Amino acid sequence: MNDTTVQRLYLMQVGSMPDYDIPIVCYLVQTTDGRNILIDTGLPEHLPEDAADFRNGQDVVQQLARIGLTPPDIDTVISTHYDIDHAGRHAAFPNARYVVQRAHHEDAATNPRFAPLRDQWDQPTGRLDLVDGDTTLLPGLDLIETSGHVTGHQSVLLHLPQTGPVLLTVDAVPFAAGFTPDPPQGSLPDGDRALPGLHKLLAITGREQVQLVIFGHDQAQWATLKQLPGHYS
């Protein structure tokens with residue numbers, strides 16, 4: 001992997017929460033040696049009754065087909081966490097390895113919050129890459145441990161050749177209004193639990209001179225971003 005660097009980033013909206021005007025999103029990273037790395041997989045094909053607030057859109061497999069990719073083409077799935085709107089299609093990728101924080105995977109084993117999606121995230125041990133804390137997956141792609149929303153949540157820092165550093169906060173900071181040292185009341189849905197991750201990401205943004213911060217569920221921002229088949233390079 002030493003000769004592999006990040007080449008481009010695709011953004012995909014794969015669903016929504018219409019009542020709250022919230023997009024459900026995932027991402028594709030392509031590298032200089034032809035690797036396809038998926039970050040999250042969106043909602044499950046069949047939504048359980050207690051997920052009535054969610055709506056599926058054009059799913060991740062359909063979106064990938066728009067740029068000529070099929071599920072076997074995905075080499076890696078970076079799982080930021082196992083919530084229903086982030087890990088719903090994990091089992092669709094037969095050749096992928098799954099990269100997740102060890103603390104999150106171990107918590108999920110006994111946490112009822114993640115039980116409904118177990119058939120998706122509970123992959124064979126040989127296909128799991130469990131990481132501990134901040135990890136450089138390959139040059140230009142760093143996993144940032146940001147517990148708070150859940151134990152072992154991870155955000156992603158990319159270094160793109162033209163755009164420069166891009167930070168995917170995912171659910172550590174779902175909305176732009178919360179990305180400030182002293183966030184307004186209600187701007188961080190997870191409240192004080194999210195503050196350590198927030199401050200860590202703010203520090204990284206300054207240190208790495210991040211050019212673009214993409215928030216996990218911010219519809220106003222999402223409407224301004226390039227979406228697949230467009231991309232950032």
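The exercises below, each with a worked solution, concern a predicted model.

**Exercise 1.** Determine in which order the seven strands of the open sheet are arranged, and which strands stand at its edges.

*Solution.* Begin with the strand order, which reads E4-E1-E2-E3-E5-E6-E7 in an open sheet with mixed pairing. Next, look at the two ends of that order: strand E4 (55-56) and strand E7 (128-131) each have a single partner strand, so one side of each is left without a neighbour in the sheet.

**Exercise 2.** Describe how strand E1 is paired with E2 and with E4, and state whether E1 is mostly covered or not.

*Solution.* Take the pairing with E2 as a starting point: strand E1 (residues 6-17) and strand E2 (residues 22-31) run antiparallel and are joined by ten bridges. Individual partners can then be followed along this pairing, among them Leu11 with Tyr27 of E2 and Gln13 with Val25 of E2. The hairpin of E1 and E2 has four residues between the strands, and there Asp21 takes a positive phi near 55 degrees. Turning to E4, one finds two bridges to E1, again in an antiparallel arrangement, and the bridge partner of Gly15 in E4 is Asn56. Finally, E1 is mostly covered, since nine of its twelve residues are buried.

**Exercise 3.** Locate Ser79, decide whether Ser79 is buried or exposed, and list the residues that Ser79 touches beyond four places away in sequence.

*Solution.* Ser79 lies in the loop between strand E5 (76-78) and strand E6 (97-101). Its relative accessible area is 1%, and because buried means under 20%, Ser79 counts as buried. Leaving aside residues up to four places away in sequence, Ser79 touches Asp40, His90, Val99, Val100 and Gln154.

**Exercise 4.** Check the span of helix H4 against its number of residues, and work out how its buried residues are placed around the axis.

*Solution.* At 1.5 Å a residue, the 13 residues of helix H4 (residues 195-207) should span 18 Å, and this agrees with the end C-alpha atoms, which are 18 Å apart. The buried residues of H4 are Gly197, Leu198, Leu201, Ile204 and Thr205; seen down the axis, they fall within an arc of 130 degrees, so they line one face of the helix. A general rule helps here: an α-helix has 3.6 residues a turn, so residues three or four places apart point the same way. The buried residues of H4 pack against strand E9 (141-145), strand E10 (154-160), strand E11 (164-170) and strand E12 (212-215), whereas the face turned away from the buried side carries the exposed residues Pro196, Gly206 and Arg207. Just after H4, Gln209 takes a positive phi of about 50 degrees.

Methods: Residues are numbered from 1 along each chain as its sequence is written. This is a predicted model: local features need pLDDT of at least 70, side-chain atom pairs count only at pLDDT 80 or more; totals for chains, interfaces and linings use all residues. Side-chain values use heavy atoms; hydrogens and water are left out. Two strands pair if DSSP finds at least two bridges between them. Buried means under 20% relative accessible area, exposed over 50%, partly exposed in between (1.4 Å probe, protein chains only). Contact means heavy atoms within 4.5 Å. The expected span of a helix is 1.5 Å times one less than its number of residues. The arc is that of the directions from the helix axis to the C-beta atoms.
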